[in-house]
Amino acid sequence: MIRTIAKQVKEYRNASIVTPLFMLLEVIMETMIPFLMASIIDNGVNAGDINHIYKTGALMIVCALIGLSGGMLGGRFGAKASAGLAKNLRAEMFSHIQTFSFANIDKFSPAGLVTRLTTDVSNIQNAYQMILKMLMRAPASIICALVMAFMINARLASIYLIAALLLGTALILLVIHATKYFQQVFPRYDDLNASIEENVSAIRVVKAYVREDYETKKLNKASENIYKLFVKAEHNVIINSPLMQFTVYCCIILISWIGAKMIVASSLTTGELMSLLTYCMNILSSLMMLSMVFVMISMSVASVQRVCEVLDETPDLVNPDQPIMEVPDGSIRFENVDFSYHKNTKEYVLSDINLDIRSGETIGIMGGTGSSKTSLVNLISRL
């Protein structure tokens with residue numbers, strides 16, 4: 001599946017490569033700022049060195065501007081790459097659908113194909129943008145913050161490591177549990193689109209037979225099914241936020257309590273404690289971002305599968321090695337033609353048909369209802 005989707009990145013490959021690099025640059029600059037803040041407090045404020053405060057403050061401004069630029073460029077290229085992927089997917093799917101026989105189309109249904117071209121592609125676009133921006137940014141932020149925290153004080157930094165492992169395990173379990181509901185949601189969109197398409201295309205018949213109430217109930221039922229599945233999925237995902245907040249506050253309390261004792265014992269400075277608290281927020285907020293990426297990916301997995309089903313579908317009707325693309329005189333010739341609507345059927349709808357119609361002739365086909373007159377005519381245009 002990944003290979004099938006990755007093929008459609010095409011001309012947006014460069015944008016997809018530079019986006020994570022710009023996000024990494026933003027993370028590095030953000031990680032440097034708390035370290036510089038600690039230096040201002042310990043070596044500037046407490047030491048009474050105003051020149052150190054000015055120099056370090058200027059360096060912080062430079063880091064902030066570089067990080068801002070990296071974030072903006074990462075957002076710009078990420079949006080370009082994800083929108084480009086969606087554009088290519090829609091174009092490739094639509095082009096591939098044009099080669100389908102009616103048997104292929106009936107396998108998916110027109111409403112299902114519409115859902116795949118719209119809702120499913122939009123989900124893939126959003127997930128791809130999140131992957132490019134956050135899948136690099138969040139782990140890099142966690143690693144950089146942990147490294148800096150361990151450089152300051154390994155004992156206090158171990159609190160982050162334990163909290164990150166516990167929170168990460170809990171978030172993975174939540175995402176896995178929510179994924180099964182998201183996988184059931186998107187096929188329901190097919191039923192919803194089918195109901196809308198049928199109602200709109202046959203609106204004159206609906207009004208003629210006064211079936212407005214029936215059609216409304218039918219649509220409401222399809223919409224209600226989607227609503228219930230989304231609510232079940234969100235009930236799992238919504239635990240994410242309070243669990244994150246609980247972990248953050250527990251870490252802050254532990255670090256403040258242990259850090260205060262270490263400051264009194266002169267084994268930790270005030271600036272280092274402030275930096276550790278900042279890194280605490282960086283680590284746990286990055287875990288929150290990472291969990292949202294996993295949620296988005298879990299939502300898009302079903303969409304990726306549905307899109308790949310269309311792209312990997314082999315058309316029933318294929319051209320021979322040397323197809324005849326033009327008929328110069330408009331004549332039609334059938335030689336020993338057999339036809340069935342299903343591949344594995346034992347009986348043919350049409351069997352051993354031999355027909356020769358010269359250009360300009362008018363032919364009448366007579367037969368009873370269900371004698372395959374329409375099927376014979378449709379074979380001429382390969383329908």
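1. Start with strand β2, residues 350-357, which is where Asp-352 sits. Its phi is near 55°, a positive value in a residue other than glycine. This is a predicted model, so that angle is a computed one. With 48% relative accessibility, Asp-352 counts as partly exposed.

2. Val-210 is another residue to look at for its backbone. Here phi is near 50°, again positive in a residue other than glycine. Val-210 belongs to the loop between α7 (203-208) and α8. Its relative accessible area is 64%, so Val-210 is exposed.

3. On to helix α8, residues 212-237. What span should its 26 residues have at 1.5 Å a residue, and how far apart are the end C-alpha atoms? The expected figure is 38 Å and the model gives 37 Å, so the two agree. The buried residues of α8 are Glu-215, Ala-222, Ile-226, Leu-229, Ala-233, Asn-236 and Val-237. When you look at that list, bear in mind that an α-helix has 3.6 residues a turn, so residues three or four places apart point the same way.

4. Now the salt bridges: eight turn up in a search of the whole structure. One of them pairs Glu-11 with Lys-87, with 3.4 Å between the closest N and O atoms. Glu-11 is in the loop between α1 (2-6) and α2 (13-45), while Lys-87 is in helix α3 (residues 50-97), so this pair ties together parts 76 residues apart in sequence. Both ends count as partly exposed, Glu-11 at 49% relative accessibility and Lys-87 at 42%.

5. Glu-30 and Arg-137 also form a salt bridge, at 2.7 Å from N to O. Because Glu-30 lies in helix α2 and Arg-137 in helix α5 (residues 110-152), the bridge ties together parts that are 107 residues apart in sequence. Are the two partners buried or exposed? Glu-30 is partly exposed, with a relative accessible area of 30%, whereas Arg-137 counts as buried at 8%.

6. Lys-107 and Glu-313 make a salt bridge as well, 3.0 Å from N to O. This pair links distant parts of the chain, 206 residues apart: Lys-107 is in helix α4 (residues 102-108), and Glu-313 is in the loop between α10 (270-311) and β1 (332-339). Lys-107 is exposed, with a relative accessible area of 58%, but Glu-313 is buried at 12%. Back at Arg-137, shared partners join Glu-26, Glu-30 and Arg-137 into one salt-bridge network.

7. Then there is the packing. The largest nonpolar core has 29 residues, and the members touching the most others are Leu-156, Tyr-160, Ile-255, Leu-276, Ile-283 and Leu-284. Which helices each supply at least two residues of this core? They are α5, α6 (154-201), α9 (240-264) and α10. The largest share, nine residues, comes from α6.

8. Leu-284 is a handy place to begin browsing that core. Leaving out residues up to four places away in sequence, Leu-284 touches Leu-167, Met-244, Thr-247, Val-248 and Cys-251. There is also a second, separate core, made of 23 residues, with Ala-15, Ala-81, Ile-97 and Val-307 among them.

Key
Residues are numbered from 1 along each chain as its sequence is written. This is a predicted model: local features need pLDDT of at least 70, side-chain atom pairs count only at pLDDT 80 or more; totals for chains, interfaces and linings use all residues. Side-chain values use heavy atoms; hydrogens and water are left out. A salt bridge is a side-chain nitrogen of Lys or Arg within 4 Å of a carboxyl oxygen of Asp or Glu. Helices (H or I, at least four residues) and strands (E, at least two) are DSSP runs, numbered from the N terminus. Buried means under 20% relative accessible area, exposed over 50%, partly exposed in between (1.4 Å probe, protein chains only). A nonpolar core is a set of buried Ala, Val, Leu, Ile, Met, Phe, Trp, Tyr and Cys residues joined through side-chain atoms within 4.5 Å. Contact means heavy atoms within 4.5 Å. The expected span of a helix is 1.5 Å times one less than its number of residues.
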